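Reader: I'd like a close look at one part of this model, with cut-offs spelled out so I can redo the numbers myself. Could you walk me through it?

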Amino acid sequence: MKNKLTNSTDKFIILLDKCDYDEIKDYLLEKELEFYNNDLKDLVLYSGFSVPNYNKLMDILEINDLEPPTFSDIFTDEIMVNSINIYKTNVYNLYFIRKEQFGLRDEDAAINELIFTDDLENLIKKAKQELLNRYLVKDLHLGK
């Protein structure tokens, strides 16, 4: 699974770096068809700490991240403040997720994901659990 995720993410990063709108849209269509042909099993297109050409991607997906997201939550554990923002895109069942952590020593990190899913409730549950089980700042510095 991890290898498939890496290959999908790598290809998507290459397309974002090239910043070719048509190629990115074609890739999204290809992955949308894959999602539907795979019985609506969650499909991660991108997962990483930064998004190349972020503004261009937001344009293509018709996301205005200055407006309220589809879902937003802030919660804490004993050490970290965790934040999840999920944005609906212009592609059916495709969501942009921003997961952030803020630590005690003015540390923060965020991970961004682009996922096809037909189960938003489960996606939220998984995102919360990941933040409770992961220390993003450490992962960012270790390059995970």
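Where does Phe-102 lie?

Author: Phe-102 lies in strand S4. This is a predicted model, so to speak of local features we ask for pLDDT of at least 70, and side-chain atom pairs count only at pLDDT 80 or more, while totals for chains, interfaces and linings use all residues. Numbering starts from 1 along each chain as its sequence is written, and side-chain values use heavy atoms, with hydrogens and water left out.

Let's stay with Phe-102 for a moment. Phe-102 counts as partly exposed at 33% relative accessibility (buried is under 20%, exposed over 50%, partly exposed in between; 1.4 Å probe, protein chains only). Phe-102 teams up with Ile-74 and Val-81 in a nonpolar surface patch, and the three together have about 260 Å² of accessible area (Shrake-Rupley, 1.4 Å probe; patch residues have over 30% relative accessible area and no salt bridge, with nonpolar side chains joined within 5 Å and like charges within 9 Å).

Strand S4 covers residues 94-102, and Lys-99 sits in it too. The side chain of Lys-99 meets that of Glu-113 in a salt bridge, 3.0 Å from N to O (a Lys or Arg side-chain nitrogen within 4 Å of an Asp or Glu carboxyl oxygen). Glu-113 belongs to strand S5, residues 108-116, so this pair, 14 residues apart, links distant parts of the chain. Both ends are tucked away: Lys-99 counts as buried at 2% relative accessibility, and Glu-113 is buried as well, at 11%. Glu-130 comes into the story too, since salt bridges with shared partners join Lys-99, Glu-113 and Glu-130 into one network.

Right beside Lys-99 in the numbering you'll find another pair: Glu-100 forms a salt bridge with Arg-98, and their closest N and O atoms are 3.8 Å apart. Glu-100 counts as buried at 17%, whereas Arg-98 is partly exposed at 27%.

These pairs belong to a set of seven salt bridges found by searching the whole structure. Another of them joins Lys-18 to Glu-23, with 2.9 Å between the closest N and O atoms. Here Lys-18 is partly exposed at 48% relative accessibility, and Glu-23 is also partly exposed, at 31%.

Glu-23 brings us to helix H2, which takes in residues 21-37. Its 17 residues reach 24 Å from first C-alpha to last, close to the 24 Å expected at 1.5 Å a residue (1.5 Å times one less than the residue count). The buried residues of H2 are Ile-24, Tyr-27, Leu-28, Lys-31, Glu-32 and Phe-35. They all end up on the same side of H2 because they cover an arc of only 140 degrees around the axis (using directions from the axis to the C-beta atoms). Asp-22, Asp-26 and Asn-37 are exposed residues on the face turned away from that buried side. Just after H2, Asp-39 takes a positive phi of about 55 degrees.

To put S4 and H2 in context, the protein has five helices and five strands (DSSP runs numbered from the N terminus: H or I of at least four residues for helices, E of at least two for strands). Read from the N terminus, the order is α-α-β-α-β-β-β-β-α-α. As for the whole protein, buried residues make up 40% of its 144 residues.
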